[in-house]
Amino acid sequence: MSVKSPAPERVITAGAPRPPRRVGFSQRLSRWDVKVSPYLYISPFFIAFAITGLFPLIYTGYVSVYEWKLLGGQGEFIGFENFAAILAHDVFWKSLRNTFSIFLLSTVPQVAVAIVLAALLDQNLRARTFWRMGVLLPYVVAPVAVGIIFGRLFADQSGLINAALGVFGLDPVRWHVEPLPSHIAIATMVNFRWTGYNALIFLAAMQAVPRDLYEAAIIDGAGRIRQFFSITVPQIRATIIFVVLTSTIGGLQIYDEPRVFDELGRGGSSQQWMTTTLYLYDVGWGTQRNLGRAAAVAWILFLIVIVIGSINFALSNRIASSGGHGPQRRSRRQRRAAARSTRRP
Amino acid sequence: MRKTTRKAWALAAGVMSISLLGTACSDGGSSAEGGTDGDEAITLTIATFNDFGYTEELLAEYTELNPNVKVEQTRAAQSADARTNLTTKLAAGGAGLADIEAIEVDWLPELVASADAFADLSDDAVEGRWDEWKVAAATAEDGRLIGYGTDIGPEGICYRADLFEAAGLPTDRAAVAELLGGENATWDSYFEVGRQFVAATPDVAWFETAGSIYQGMVNQLENAYEESDGTAKPLAENTDVKDAYLATVTASADLSANLAQWSGDWDAAFQNNSFATMLCPAWMTGPIEERAGGVTGWDVADVFPGGGGNWGGSYLTVPASGKNVDEAKALAEWLTSPETQVKAFLNAGTFPSQVEAWESADLTGATNDFFNDAPVGEIFANRAAAIDVTPFKGENYFEIHQVVSDAINRVDIEKSETPEQGWDSAVQAFSNLDL
């Protein structure tokens with residue numbers, strides 16, 4: 001089939017009249033089929049992404065340089081005035097502080113606890129599936145329900161936690177007043193919901209760790225804790241990077257939990273726990289109804305997420321590959337070693 | 001080969017149909033087009049929230065009168081949900097809205113500003129049906145009436161007779177009204193009685209939160225935050241607001257239970273005897289009864305500091321994008337007629353905004369057994385008649401109100417600022433609004 005067509009093409013010299021190609025249309029189509037079809041097959045994702053992801057992103061950028069009211073619609077072009085106004089307001093910076101504070105208070109303990117939980121679930125437990133499903137249960141609970149339950153627990157005067165503190169003679173904590181306690185309360189909600197979910201991802205990675213490594217370690221006399229730090233953690237580094245990255249992005253966009261933390265959902269009367277997404281909502285759909293500014297906040301947040309995400313990625317990548325102990329290099333060496341050993345006999 | 005093209009077409013068709021599906025879905029609601037001849041069977045949709053008192057039976061009555069019209073109601077659990085739904089769809093050109101959309105009085109400033117999205121409901125048939133201020137709030141600059149009033153929130157004082165007795169104060173509702181100043185009740189006299197009360201029973205606060213007191217005061221100011229042409233008053237020079245603010249936070253130091261309204265602590269306080277009185281719009285009797293189940297002693301006094309006051313109330317609007325605008329208008333007219341509104345009051349306690357309804361025997365005879373059989377119909381009719389100020393609420397009203405309310409919460413509930421600091425930070429937050 002393919003022998004026929006390329007031959008005449010080679011004969012063509014510059015200036016010479018082009019001889020008619022003797023390639024059948026069907027043939028040309030089938031060649032396109034080979035080249036183009038794969039792209040068509042994977043195109044639904046990209047089309048869906050372009051419609052639901054890329055277009056809103058670009059359109060948000062378009063909105064952010066206009067005066068734009070929720071009901072009034074598009075107004076005048078004002079360039080970067082919306083951005084300037086947002087950056088000049090202390091509420092925005094406060095919201096950024098809250099976001100990072102809640103993000104750190106949730107992501108760090110969450111990843112740590114999730115790894116330990118996963119390590120425990122990785123053992124030979126009785127009723128293993130029951131425990132594994134159990135850690136996922138909080139994830140299934142709707143965030144609003146979590147908000148209502150934790151709202152009762154963390155109520156300032158009538159809450160269960162303050163009542164329990166009172167039993168030990170401690171002063172009640174003002175969960176809805178001081179910034180740090182409110183961040184802790186919200187981070188607790190986030191952790192409640194996401195720890196089990198992350199634990200299951202870690203568990204999946206741990207299941208893929210070769211068991212003979214543990215056997216070798218046991219023969220060498222390593223205890224459980226030593227095994228955990230010297231085998232489990234290094235072996236699942238790639239997964240740790242993935243989880244840290246996704247929880248970073250999620251943590252910077254946190255909305256549900258602070259929104260349901262009190263009845264108004266505005267982040268407190270001095271914005272103690274107003275996160276940046278909450279601020280975005282308040283500017284766009286709250287009292288101000290200024291979509292132009294909300295779009296500017298969205299873009300600023302987008303840039304922050306990208307910057308923090310890249311730093312995060314670079315850092316965890318460096319940690320993962322430092323001193324030649326990285327999972328990739330090691331596994332490649334292992335693979336080579338394994339290949340050699342199979343060849344030898 | 002053909003397969004490829006066919007596949008490409010199929011893909012394109014798929015994408016198209018998905019996007020079309022999106023448009024088609026938003027076209028819910030009215031099932032028939034046109035239908036102005038009055039005989040064609042049509043279905044009207046009405047979107048409400050909370051409980052308007054429009055029961056199945058009530059809506060069926062309309063079908064009896066107009067056999068060709070069927071009415072379907074969609075009820076949102078919270079008004080905030082209904083508001084998001086309404087404003088989002090309005091911003092998208094009105095597609096997917098119900099034939100009749102219920103709105104709260106608070107949403108009017110911005111809806112009146114985009115009055116073109118609604119059908120003009122002004123009609124001789126409804127002339128004089130409502131108090132003037134109820135109509136004025138829903139009227140656009142060009143005279144368009146965008147909503148028919150349903151209920152209002154005339155404010156009285158709800159109080160705990162048992163706690164009054166413990167403090168050695170009169171308990172009878174007429175005597176309590178006298179005690180608070182009767183017809184000439186002022187905020188000062190209300191606070192003064194509060195100080196007597198707190199002196200006698202130090203464990204119980206006089207009112208639940210400074211925020212609602214401030215709300216009561218602001219609803220008595222004609223131009224609280226804005227001039228009548230809509231321009232915002234600079235907060236730093238706004239002496240009316242500053243006076244109300246200072247009066248509230250000063251009183252709250254001794255008299256407030258420091259509870260944020262609608263919070264978990266607030267809910268619990270009804271069971272813990274934390275406070276003795278509440279500003280009480282007609283619709284508030286429901287939430288009190290809901291939270292204070294098992295507590296006896298609640299009563300309503302026919303009095304309000306500083307004259308009358310209105311807090312809340314709703315309207316029915318007809319979006320202009322609907323397919324059966326005329327029929328919808330007729331239905332809204334029927335639903336907000338005095339007779340129907342009295343029925344809704346008996347169903348759900350929403351106090352009618354129709355002048356004529358206030359004289360209806362069904363309304364004036366209505367009592368509430370939870371509030372010690374108080375004649376709520378008569379009391380709130382009196383309170384409604386006492387409303388003499390129409391607060392102007394423009395597009396900036398809620399932004400500014402939020403700023404001052406936040407400051408009051410910081411002083412009263414969070415105790416994180418002194419009254420002076422609270423005011424200064426409110427002025428700072430006001431400048432952030434860039435009005």
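These exercises look at one interface and one pocket in a predicted model.

**Exercise 1.** How many residues does each chain bring to the contact between chain B and chain A?

*Solution.* Start with chain B, which gives 36 residues. Then take chain A, which gives 34 residues. Next comes area: the two chains bury about 2,800 Å² between them. Of this, 51% is on carbon and sulfur atoms.

**Exercise 2.** Which side chains meet in a salt bridge with a distance of 3.4 Å, N to O?

*Solution.* First, get the count: there are three salt bridges between chain B and chain A. One of them joins Arg266(A) and Asp406(B). Check the distance: 3.4 Å lies within the 4 Å cut-off, so the pair counts as a salt bridge. Now turn to polar contacts: 13 residue pairs are found across the interface, both residues at pLDDT 80 or more.

**Exercise 3.** Which element gives the most to the side of chain B that touches chain A?

*Solution.* List the elements of chain B that give two or more residues: α1, α3, α4, α11 and α17. Pick the top one: α17(B), with eight residues. Finish with classes: this side of chain B has 14 nonpolar, 11 polar and 11 charged residues.

**Exercise 4.** Which element gives the largest share of the lining of the second largest pocket?

*Solution.* Begin with the space: the pocket holds about 790 Å³. Its lining has 37 residues. Among those nearest the centre are Pro109(B) and Phe392(B). Elements giving two or more residues are α4, α5, β8 and α17 of chain B. The largest share, four residues, comes from α4(B). By class, the lining has 16 nonpolar, 14 polar and seven charged residues.

Definitions and conventions
Residues are numbered from 1 along each chain as its sequence is written. Chains are lettered from A and ligands numbered from 1 in the order in which they are written. This is a predicted model: local features need pLDDT of at least 70, side-chain atom pairs count only at pLDDT 80 or more; totals for chains, interfaces and linings use all residues. Side-chain values use heavy atoms; hydrogens and water are left out. Contact means heavy atoms within 4.5 Å. Buried area is the accessible area (1.4 Å probe) that two parts lose on being put together, summed over both. A polar contact is a pair of N or O atoms within 3.5 Å; within protein, one must be able to donate a hydrogen and the other to accept it, and residues adjacent in sequence count only if both atoms are side-chain atoms. Ala, Val, Leu, Ile, Met, Phe, Trp, Tyr, Cys and Pro count as nonpolar, Asp, Glu, Lys and Arg as charged, and the others, Gly among them, as polar. On a 1 Å grid over the protein atoms alone, a cavity is a set of points where a 1.4 Å probe fits but cannot get out, and a pocket is an open set with protein on both sides within 12 Å along at least five of seven lines; lining residues have an atom within 4 Å of a point. Grid points are joined across faces, edges and corners, and a volume is the space filled by probe spheres set on the points.
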